[in-house]
Amino acid sequence: MQRKNRSIMLALVLTIVMILSACGGGSNNANTPEAGSDSTNNTNAANNSGSSDNSDTTKEVNLKMIFVGPKPVDYDSVFAEINKILKEKINATIEGEFLDWSDWAQKYPLKLAADEDFDLIYSANWAGYNDMALKGGFLELTDELLNKYMPQTMTAMPEVSWDQAKVNGKLFMVPQNRGESIEKLILYREDLRKKYNLPEINSPESYATYLKTVAQNEKGIMAFTPETGDWKYHNLDRVLLKQQNEWNMFDLDLPFAFRLDDEKGQVFNVYETKEFKDLLVYYKDLADNNAWSKNVLNSKNDHQADFKAGKTASITHNNGTLGSLMALMRQENSPYEVALADVTPGKKKQIAISTQNGTSIHATSKNVERSLMLIDLMQNDKELHDLMMYGIDGVHYEAVGDDKYKALDKNPNYTGFSNWNFNSPLNRDNEAFPQEANDLANGWEADVYHYPLETFVFDNSKVKTEIANVGNVMLRYAIPLEYGVIKDIDKGLVDLNKQLESAGIDKIQAELQAQIDAFLANK
């Protein structure tokens, strides 16, 4: 389920990529215990604070976990309660470190590249899971380890979820155990739409009308604010490029896509398509009409916070995130009337694979067994799961039956960070979650489109240098083009594709297509 800085980052990208390349390799795993290691393997046993016998938790350990998102205001009180139970059950405690949304994309890979001392880390396909796994940042999770230290999860997790999380046949993540939609929506100010008597927002054209009207008439309110991060695409591309054209842009760090209904999985360069050029014209019109800040490439604004505060009139994200923000605004009696818009109705909808959210173990963790025990409890122990996901009953939420909750006044003090890795059948739904969001989700989930390449994972080990070079080109040439900074679209496209050619895009595409062909041949 889950759980999200552009031109100022351009000068740092090469440095970050070079550091990422040094993230490790398989040699990092030498410091971690083999499954089933015991006193016969004294070296590994000495390096690990937990014994191979999962009943032997005599030595207390403190586990450190990296989360994405801001540190919750009530972190101390909630984690104190979590640690009381963990100490009783597995003689361990957990300490969280939080990478704020404003700069998580830069700090996250550096945590692994610097070989810092921690045990667990939130991981996700959108946070570079495959790449980090191939670089050796995560510990390989064998069946022996999982069966011994995560028996409840092994029973509860569908086999397909494990398969979807494998990279080159090896597992480096305990994925979430609950499906979710990955399609994006628009959250907008319905009161402003009504104020200017605008048509229903249900298409790219009607959305553009809304944005331009707000930009022209509402001083002090930005019409659209993008999500921060070193994204290599426009924040609206997942809606207006991917969903609108029924493509799968399976790696948002590369300019490649394939059509969902193409059984052969023929990959193409997004930037060479008519659809992309048409969208550039659409974006340039919006930029020229001040739909977003002229400083957008340098912005570190939290788009959800800005929307909640009435500083922006629309944002985009997934259904769950936007529905939760709507529920919070209504709970706090926001003066703004807000609504959801699906501007790609009738288009094929996809569902997230299991790696949308997950937990990985640092390749150099000395507490592997206890880390696995913790994940097992967080996904399957009701009391711990409730604490981690919702906070303290009676303070942050009130339990409503077994599967719902009511958000209390202090609920905002324990939200906004990546606890979604522990999604499981034990999840509760907010009873105040907007019915319109539920209706959209139910409609999509009843008609999910499945395709042969749904679980394909690209092994980029042979083209790492080219991928780094292409990523730099996307940030330097494509992002300014998409946000309307480049005046001449035709020239901008020529320059972009020329730079991509020099960066080695053809080599990447050939390797990608070869792997796709091999994958489909074995289906």
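How close do the axes of helix α3 and helix α16 come, and at what angle do they cross? Select residues 75-90 for α3 and residues 382-390 for α16. The structure on screen is a predicted model. In this model the two axes come within 9 Å, and the crossing is at roughly 155°. An angle over 145 degrees counts as roughly antiparallel, so that is how α3 stands to α16. The handedness of this crossing is left-handed.

Now show the side chains at this contact. From α3, pick Val78, Phe79, Glu81, Ile82, Ile85, Leu86 and Lys89. They meet Glu383, Leu384, Leu387 and Met388 in α16. Coloured by class, the contact of α3 with α16 divides into 8 nonpolar residues, no polar ones and 3 charged ones.

**From α16 to α15**

Keep α16 selected and add helix α15, residues 368-380. Here the axes come within 6 Å, with a crossing of roughly 85°. The helices α15 and α16 are therefore roughly perpendicular to each other. On the α15 side, the contact is made by Leu377, Met378, Gln379 and Asn380. The α16 side supplies Lys382, Leu384, His385 and Met388. By class, the contact of α15 with α16 has 4 nonpolar, 3 polar and 1 charged residues. Leu384 and Met388 of α16 also appear in the contact with α3.

**Histidine 362**

Next, select histidine 362, in the loop between β13 (358-361) and α15. Is this residue buried or exposed? Histidine 362 has a relative accessible area of 2%, so it counts as buried. Show its contacts, leaving aside neighbours within four places in sequence: Leu112, Asp115, Glu116, Phe118, Asp119, Gly137 and Leu139. Then draw a C-alpha to C-alpha distance from histidine 362 to aspartate 117, which gives 8.6 Å across a sequence separation of 245 residues.

**Aromatic rings**

Switch to the rings of the whole structure, where a search finds 28 aromatic pairs. Among them is the pair of tyrosine 122 and tryptophan 420, with 5.9 Å centre to centre and 80° between the planes. This pair is edge-to-face. Tyrosine 122 lies in strand β3 (residues 120-123) and tryptophan 420 in the loop between β15 (404-407) and β16 (429-430), so the pair ties together parts that are 298 residues apart in sequence. Both tyrosine 122 and tryptophan 420 are buried.

For another edge-to-face pair, select tyrosine 283 and tryptophan 292. Their ring centres are 6.1 Å apart, and the planes make an angle of 70°. Tyrosine 283 and tryptophan 292 are both buried.

Then select Phe67, Tyr75, Phe79, Phe98, Tyr414 and Phe417, which ring pairs link into a cluster. Phe79 was met earlier, as one of the α3 residues in the contact with α16.

**Helices α14 and α17**

Move to helix α14 (residues 319-331) and helix α17 (residues 435-445). Their axes are 9 Å apart, and the packing angle is about 165°. That angle makes α14 roughly antiparallel to α17. Their crossing is left-handed. To see the contact, show Asn319, Gly323, Met326 and Arg330 of α14 together with Glu436, Ala437 and Ala441 of α17. The contact of α14 with α17 contains 3 nonpolar, 2 polar and 2 charged residues.

Stay on α17 and centre the view on alanine 437. Its relative accessibility is 0%, so alanine 437 counts as buried. Apart from neighbours within four places in sequence, alanine 437 is in contact with Asn319, Gly323 and Leu340. Alanine 437 and leucine 322 are 8.3 Å apart, C-alpha to C-alpha, and 115 residues apart in sequence.

**Two positive phi values**

The last stops concern the backbone. Most residues other than glycine have a negative phi. Select asparagine 333, in the loop between α14 and β12 (338-341). Its phi is near 55°, a positive value. Asparagine 333 counts as exposed because its relative accessibility is 65%. Finally, select glutamate 246, in the loop between α11 (237-243) and β8 (247-248). Phi of glutamate 246 is also positive, near 55°.

Notes:
Residues numbered from 1 in each chain as written. Heavy atoms only, no water. Axes fitted to C-alpha atoms, helices over the stretch in contact; angles between N-to-C directions. Helix = DSSP H or I, 4+ residues; strand = E, 2+ residues; numbered from the N terminus. Parallel < 35°, antiparallel > 145°, perpendicular 65-115°, else oblique. Left-handed = near helix turned anticlockwise from the far one by under 90°. Contact = heavy atoms within 4.5 Å. Nonpolar A, V, L, I, M, F, W, Y, C, P; charged D, E, K, R; others polar. Phe/Tyr/Trp six-rings, centres within 6.5 Å; stacked < 30°, edge-to-face > 60°. Buried < 20%, exposed > 50% of the residue type's maximum accessible area, 1.4 Å probe, protein only.
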